[in-house]
Each structure stands twice: as structure tokens, then as C-alpha cells.
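Trainee: I would like to go through the voids and the packing of this model. Can we take them one at a time?

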Amino acid sequence: MLRLTWVQPEDLLGHELHQAEQDGREPSAIAARWRAAGGPGAPLRAGASAVPASPYLRLLAKDLLDELADLPSRLAETEPTELGRIRALCPAWPSVPAAASPPESRLEAAWLGRAAGCLLGKPVEKLPLEGIRRLARATGNWPLRTWFTARGVPPELTATYPWNRRSATTSLAENIDGMPEDDDLDHPLLSLLLLTRHGKAFTTTDVARLWLDELPAGRTFTAERVAYRNLLSGVEPPRTARHRNPFREWIGALIRADVHGWTNPGDPGAAAEQAHRDATLTHTANGVYAAMFTAATIAEAATGAHDVHHCLRTGLTVVPPASRLAHAVRHAIRLARNTADFDTVVDELHTVHRTYHWVHAIPNTALIAAALTHADGDFTGSICRAVAGGLDTDSAGATAGSIAGVLAGHPTALPERWTTPLKNRLATSVGDFNGIGFDTLAHLTHREAHRS
């Protein structure tokens, strides 16, 4: 039986009930109706529940999803999605700077950093924090400092905490042979294609058309898969982000933000605006802010003129200061600055954000900011802390690696143990990019950064 993930109405409803509580609506009456009808809760870590709902429950779930969408939110004024309203809430929005022109080598380091951080996190994606710690300790790799390996891990431990089924064969130390395909790299490639075809003035509709042309539906997840389905059903952007899409504040828009930062070096405001136009195909509010924050941070880092702490502060200037994301990032940075042991930082973040799904943008963005702060922007320290945080390990590792990589400034500034196994080769199903080298990607990105 084909049980397609991230689209079953009965599963979407469980996630939407959580989302409604988090974004300031009052879903208790609707939740009571769903429970009274025998409706299931949201799957905790999988994309779909194991057993399909009855036809009655499925129809009820669709109706209740629409009712939830109509509930008013008490956070509507402090967490808008429209760019004009976001800017109005950001008194320190970055001014237009003098042009900056980083060398291709800095962009190559950023691409390599993104790939290495992603690959480090792939074998432990979806595992609980305790499982990640125990697997790493079993091979003397804790605190985390290098690739995960299955060599020397007791069989009973991997039976309890199995490596990610899809990734172990390509991402454990003994199996790495170039960079395997991953959505955390597919989406930057799509962003590069987007800029090549439409330039920096692209629209959200341009993003939608590109996806339909170039992105296989099976390579989408969570909010992206729902938005893709909405497009095929005739729903137009930006409603694609809102219609029966409980994942609209999850991490998907954040992982698409890097190219917008890389192609606007020294102009974090422009990077954030590009990220906004991309993100609003699939996300709203804090899901969009996470992408804007990341793009602005990277744009500031791409000049090579500032340390990681300045860049993170710059990223916050494009986020509404009273939003949940801004509060979470500020808290994470303070915690990382004032706590010597990063495990203690992670435990506190897990406690504070325990009501959020492990793929939600808020805890993951907070973790990324904490990892970069605690490591002082050091490459190995940043990616290892982000992955050791035990949330969306490959995505958090990828973004931390991108920021730390662009700050490092040159591929040779990254330790060889992270870059050599990548073999300057990226696998993907996007466009004609399969097998491309990171040096070539840096050249193409540099070209787009200098297009008017």
C-alpha cells in the first residue's frame, strides 16, 4: 500500500491543531470534536500515520482544517507575513550598503560547508537526542567532532536507535563517496536556477513555475509537498502556503535561503526580501522569518568583514522583534554565551521548545544561532554543535555549515576531513546539476551575485 506522507488529511489535522495553539488561535472546541469522532493525533516523527482513516474521518478532517483556518489569531499584529508589515515592525531594517564583491573561493567554502554540515547530520536524522548521544559516545566521538560511523557500535544500540534508513548507506564515514542527494542541497540548486532564469526580481509565481518544471514531487516534504499539491489543485500563491498546510512554520523555507544571502553580499535587506518572495510560496510568519534571518545573516557574513556575532545580530534586524522566532533566537544566543557546556545549552533549548515539532523553524533556528555563537563561528565546532542538538540534524547542520563556511572564506580553511570525502561532486535530480562540482557552483553563484 502506498501511504503518501505529509498529505493525509487526518494527519494534517493533528499537526494543524498544534500549529493553531502555537500561532495564537483557540482550537480546543475543534480538537474536542475531532477526539470525540475518534480522530488520531499527529504522527510524532513519521510523515503519515500507519493506518488510513475511515472515509468519514477523512472528510471530517478536511472540514475541520478549513474551520481552523478561519479562527482569528491574537498574534496577527506582531507576526505578519506581508513584507511591508514586516518591515514596519523592524526599526533597524538594514540600509542599502556600498557594493561588496567576495571572491569565488568564499562562495565555494560556503557550498562545501553546507554540504558537509548536511552530510554529518544525515545518518542521525529523526533520532531522539539521547540516541544521537549514545551512538556517538559508543565510538568515542562525543563531544561530536567528526563523521558518525557504525564501526564499533554495539548491535543492540543500533537496534534501539537505528541509523536513518535512507541515509546510512551514503553518509556514515565508511560509506561517504561524494555528496549524495538531499533536499537541503536540491533547494539551493533550485534557487540558483531561479536567479539564472528570472534574475533577482523574480516573483513567488516564478518560484512556483520553476518547481513544477524542475522539482520532482517526490523530492518535496512537509510544507513544500502541501504547497506543490495546492499548485496542482489550482491554488495560487501565496494561498499555497496557507491552504491546509500545517507545516507553514516549519524549516523548509529556511533551507532555501542560502543562495539569497550569497548573491547579495553586504546587502542583508535585499537578501531578506529575496528570501521572503521565495518563502511565501510555502510558509507564513515565523517560517518566513527564519528564511529572512538566515539570508540576512549570510549576506552580512559573505563580505568577510564581520564576525559571526555581528552577522547574527544583523540577521535579527529583519525579524519582527516581538515574534516568537526573535524571542527564541535572542534567548538561544544569550544561553550559548553564558553556558560553558553545550550539552546544557541543548537540554535547555529542548525544554523551552518542547511543544514544537522537531522540524519546526523556531527551535531549529534557535539551535543554529546557539551553535554558531557557542563555537564562535569555528567551522567544525559550528556544524558539530548544530547536529549534536538533535533536531532536524541535516538541515541545521547544513545552515550552520553554510554560515561558518562563508565566514572561513576559503575551501582550504575548512578541515580536510570534511571536504575530501565530498570529492567535489554533488548528486541531485534537479536540472542538469547532477555530478556538478562545488567549485563550479561557486562560479555560477558568483555570476548571479553580480547580475543587475
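Trainee: Which residues lie nearest the centre of the largest pocket?

Mentor: This is a predicted model, and the values are computed from it. The largest pocket has a volume of about 940 Å³. Its lining is made up of 41 residues. Those nearest the centre are Glu-125, Lys-126, Asn-164, Arg-166 and Phe-221.

Trainee: How many charged residues does the lining of the largest pocket have?

Mentor: Helices H9, H11 (222-232) and H20 (393-408) each supply at least two residues of that lining. By class, the lining of the largest pocket has 14 nonpolar and 11 polar residues, and the charged ones number 16.

Trainee: Which helix gives the most to the lining of the second largest pocket?

Mentor: The second largest pocket holds about 730 Å³ of space. Of its 33 lining residues, Asp-23, Ala-69, Arg-242, Arg-248 and Thr-284 are the closest to its centre. Helix H1 (9-22) and helix H3 (55-69) each supply at least two residues of the lining. With four residues, the helix that gives the most is H3.

Trainee: Turning to cavities, which element has the largest share of the lining of the largest cavity?

Mentor: There are two cavities of 30 Å³ or more in the structure, and the largest has about 50 Å³ of space. Helix H9 (183-198) and helix H10 (204-214) are the elements that give two or more residues to its lining. The largest share is four residues, and it comes from H9.

Trainee: How many charged residues are in the lining of the second largest cavity?

Mentor: The second largest cavity, with a volume of about 30 Å³, is lined by Val-346, Leu-349, His-350, His-353, Pro-363, Leu-367, Gly-389 and Leu-391. Histidine and glycine count as polar here, so His-350, His-353 and Gly-389 go in the polar class. The lining divides into five nonpolar and three polar residues, and the number of charged ones is zero: no charged.

Trainee: Which helix gives the most to the largest nonpolar core?

Mentor: The largest nonpolar core has 144 residues, and Trp-111, Met-179 and Phe-438 are among those with the most contacts inside it. The helix that gives the most, with 12 residues, spans residues 285-301 and is H14.

Trainee: Leaving aside neighbours within four places in sequence, which residues is Phe-438 in contact with?

Mentor: Phe-438 belongs to the group with the most contacts inside the largest nonpolar core. Setting aside its neighbours within four places in sequence, Phe-438 is in contact with Glu-108, Trp-111, Leu-112, Ala-115, Met-179, Leu-422, Asn-424, Arg-425 and Leu-426.

How values were computed. Residues are numbered from 1 along each chain as its sequence is written. This is a predicted model: local features need pLDDT of at least 70, side-chain atom pairs count only at pLDDT 80 or more; totals for chains, interfaces and linings use all residues. Side-chain values use heavy atoms; hydrogens and water are left out. A nonpolar core is a set of buried Ala, Val, Leu, Ile, Met, Phe, Trp, Tyr and Cys residues joined through side-chain atoms within 4.5 Å. Buried means under 20% relative accessible area, exposed over 50%, partly exposed in between (1.4 Å probe, protein chains only). Contact means heavy atoms within 4.5 Å. On a 1 Å grid over the protein atoms alone, a cavity is a set of points where a 1.4 Å probe fits but cannot get out, and a pocket is an open set with protein on both sides within 12 Å along at least five of seven lines; lining residues have an atom within 4 Å of a point. Grid points are joined across faces, edges and corners, and a volume is the space filled by probe spheres set on the points.
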